[in-house]
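User: I would like to learn how to read helix packing and chain contacts. Where do we begin?

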Amino acid sequence: MSAQSHLGRQRTTWLIFIGMCVFTFINLTPLIWAVLTSLKDPRDAFTIPPTIIFEPTLKYHIQVWTENDFVFYLMNSLIISAGTVLISVPAGSLAAYALSRIPRRSSGPILTALFTIRMFPHMLLAIPFFVMGTFLNMIDTYPLLILALVAINQPFTIWLMHGFFLEIPRDLDEAAAIDGCSNWQAFRIVILPLARPGMTVAALFSLLLSYNEFLFALVLTGTDTKTLPVAIASFGGEDISSWSLSAAGAIGIMLPIVVVMLLLQRHLVRGLTAGAVKG
Amino acid sequence: MASWQRGLWLFFLPSFGLLAVVLLWPLGYAIFLSFFDYYLGSGERTFVGFANYIDLLTEARLWNSMWTTIIIAFGSVAVEFVVGFALALALYRLHSSAKIFSVLLFLPHIVTPVVAALFLKWMLASNWGFVDATLLTFNIEPPDWLGSPVWAKVSVILADAWVFTPLVMMVLYAALQGLDTTLIEAAQIDGASSWNTLRHVIVPALIPAIIFVISIRLMDVFRFFDLIYVLTGGGPGTATETITIYTYQLGFRMLEVGKASALGVITLIVVAMLLLTINRSLNKAYRGGDR
């Protein structure tokens with residue numbers, strides 16, 4: 001390559017870099033704006049032009065978690081997410097392990113079926129859950145929402161864990177089998193310790209999924225089990241007079257997710273593409 | 001070994017048992033319900049055969065919501081694909097600083113969808129929202145982002161793009177990183193321009209990932225609910241009422257659960273047909289165009 005074209009390449013790379021900086025900044029404006037709003041007093045929030053420099057206050061962040069029921073909603077969210085993960089991840093891991101060990105001609109159709117389930121509109125599931133919940137008097141209880149979330153979580157968990165189990169060499173199970181281990185012993189003693197990091201990743205993803213879920217939470221919960229997304233939607237969606245307060249609530253809901261995401265960073269692509277890269 | 005292999009099937013029991021109870025049974029029940037005139041408020045249930053389906057398919061509101069869904073689906077997936085692909089290529093080119101950009105660009109995607117919708121709603125709020133306040137500073141009269149039928153659709157498309165472009169970007173970026181670099185280098189040595197390298201080397205190699213991400217996005221747009229519910233609630237009027245929002249209105253506002261189930265089944269059939277067509281035509285275009 002000639003020196004000139006090398007210089008040209010360098011320049012293009014710089015242009016791309018600057019372009020990316022600008023794009024990223026514009027792309028993050030809604031987030032930055034929400035953070036600023038949550039730190040503003042109303043007199044700074046309702047101005048033309050928008051106020052960028054002001055005296056920040058944490059008043060609303062404190063108020064939203066102390067004077068409203070947000071702590072209660074957070075507890076609901078945590079109970080429901082934890083319940084979902086505790087059911088979904090163990091069951092899904094067992095199935096995923098078996099899936100990674102049976103012949104491809106049997107596992108292929110099962111994986112395709114799981115992928116097809118992804119296609120089902122959630123509405124189609126929400127209606128029967130709502131009708132049955134009404135019959136069984138279970139609307140506004142934890143178990144109903146947990147079961148609904150397990151239903152949408154399970155295919156995803158199996159899919160993700162399947163990828164992790166494929167990476168654990170089959171020789172290990174075969175050696176265990178030759179040594180006389182049953183399937184269960186081989187899984188528990190040999191495979192499970194190796195699969196633990198993968199299970200943590202799957203658990204965190206399921207946790208995110210359930211924490212963020214809105215539709216089922218909206219129709220299946222009531223005053224006793226309302227989760228954070230439902231609470232903030234009704235709180236912040238209506239009028240903008242309590243703008244700073246809702247913004248503070250929204251930011252608060254977002255923070256734990258950002259932390260989980262930083263933990264998951266290395267696995268993020270894989271969680272989202274389980275299947276794209278590996279086929 | 002054969003019996004050891006057979007023992008593995010027991011491992012499926014808990015998961016498939018769960019799926020049967022919480023997924024297949026409710027789905028079957030929904031299909032069953034779709035043949036009844038069932039108003040949940042009074043609890044009266046009468047078998048009506050296909051009447052719900054016929055009612056729906058002859059109704060203007062359904063076709064209106066179907067068109068809205070298609071416009072929003074294709075609009076947002078087009079934006080997401082073009083921007084996402086461009087970003088993925090940029091990340092691929094930058095490699096050293098790609099990591100920090102990918103984390104920052106990914107933020108909108110991991111935020112709770114409802115919260116993301118609120119952020120955007122506050123941006124677009126008339127008068128005091130960031131966009132309007134900025135435009136008004138320069139004496140530009142802003143359009144009514146969420147209140148006019150056309151702009152509300154545009155806003156919903158952009159909102160969907162804001163949340164989901166990062167996903168498309170990440171999938172394509174991961175696929176790019178998996179590419180065989182010798183192919184690209186060979187093309188460059190042969191004197192191919194960047195555009196030709198992109199078109200004849202990179203894109204064909206990415207086809208599986210592209211099909212995957214477009215399919216996933218299309219089926220998700222069809223069932224996506226949170227963003228539109230918070231942003232416009234289907235309004236103004238029914239300007240942004242997608243099939244999903246309409247199903248929600250039918251089932252949970254009017255409590256017509258039979259008819260709502262029928263609409264759910266129709267949605268499922270539409271999505272399935274759409275995906276089949278897309279997969280087939282993309283596959284064909286790629287195989288046919290290459291030879």
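Analyst: With contact: two residues are in contact if their C-beta atoms, placed from the backbone, lie within 7 Å. The model is predicted, so local features need pLDDT of at least 70 and side-chain atom pairs pLDDT 80 or more, while totals for chains, interfaces and linings use all residues. Residues are numbered from 1 along each chain as its sequence is written, and chains are lettered from A and ligands numbered from 1 in the order in which they are written.

User: How many residues does each chain bring to the contact?

Analyst: Chain B brings 80 residues and chain A brings 75 residues. On the side of chain B that touches chain A, helix 2 (residues 13-33) gives the most, with 12 residues. Helices (H or I, at least four residues) and strands (E, at least two) are DSSP runs, numbered from the N terminus.

User: What is the make-up by class of that side of chain B?

Analyst: Ala, Val, Leu, Ile, Met, Phe, Trp, Tyr, Cys and Pro count as nonpolar, Asp, Glu, Lys and Arg as charged, and the others, Gly among them, as polar. The side of chain B that touches chain A has 63 nonpolar, 14 polar and three charged residues.

User: How is the packing of two helices described?

Analyst: By the angle between their axes and the distance between the axes. Axes are lines fitted to C-alpha atoms, for helices over the stretch in contact, and angles run from 0 to 180 degrees between N-to-C directions. In chain B, helix 4 (residues 60-94) packs on helix 8 (residues 149-177) at about 40 degrees, with the axes 6 Å apart.

User: Which word fits the arrangement of helix 4 and helix 8 of chain B?

Analyst: Angles under 35 degrees count as roughly parallel, over 145 as roughly antiparallel, 65 to 115 as roughly perpendicular and the rest as oblique. Helix 4 and helix 8 of chain B are therefore oblique to each other. Their contact has 19 nonpolar, four polar and three charged residues.

User: At what angle do helix 6 and helix 7 of chain A pack?

Analyst: Helix 6 (residues 122-135) and helix 7 (residues 142-166) of chain A pack at about 155 degrees, with axes 11 Å apart. They are therefore roughly antiparallel to each other. A:His122, A:Leu125, A:Phe129 and A:Gly133 in helix 6 meet A:Leu144, A:Ala148, A:Ala151 and A:Ile152 in helix 7. This contact divides into six nonpolar, two polar and no charged residues.

User: How many helices and strands does chain A have?

Analyst: Chain A has 12 helices and zero strands.
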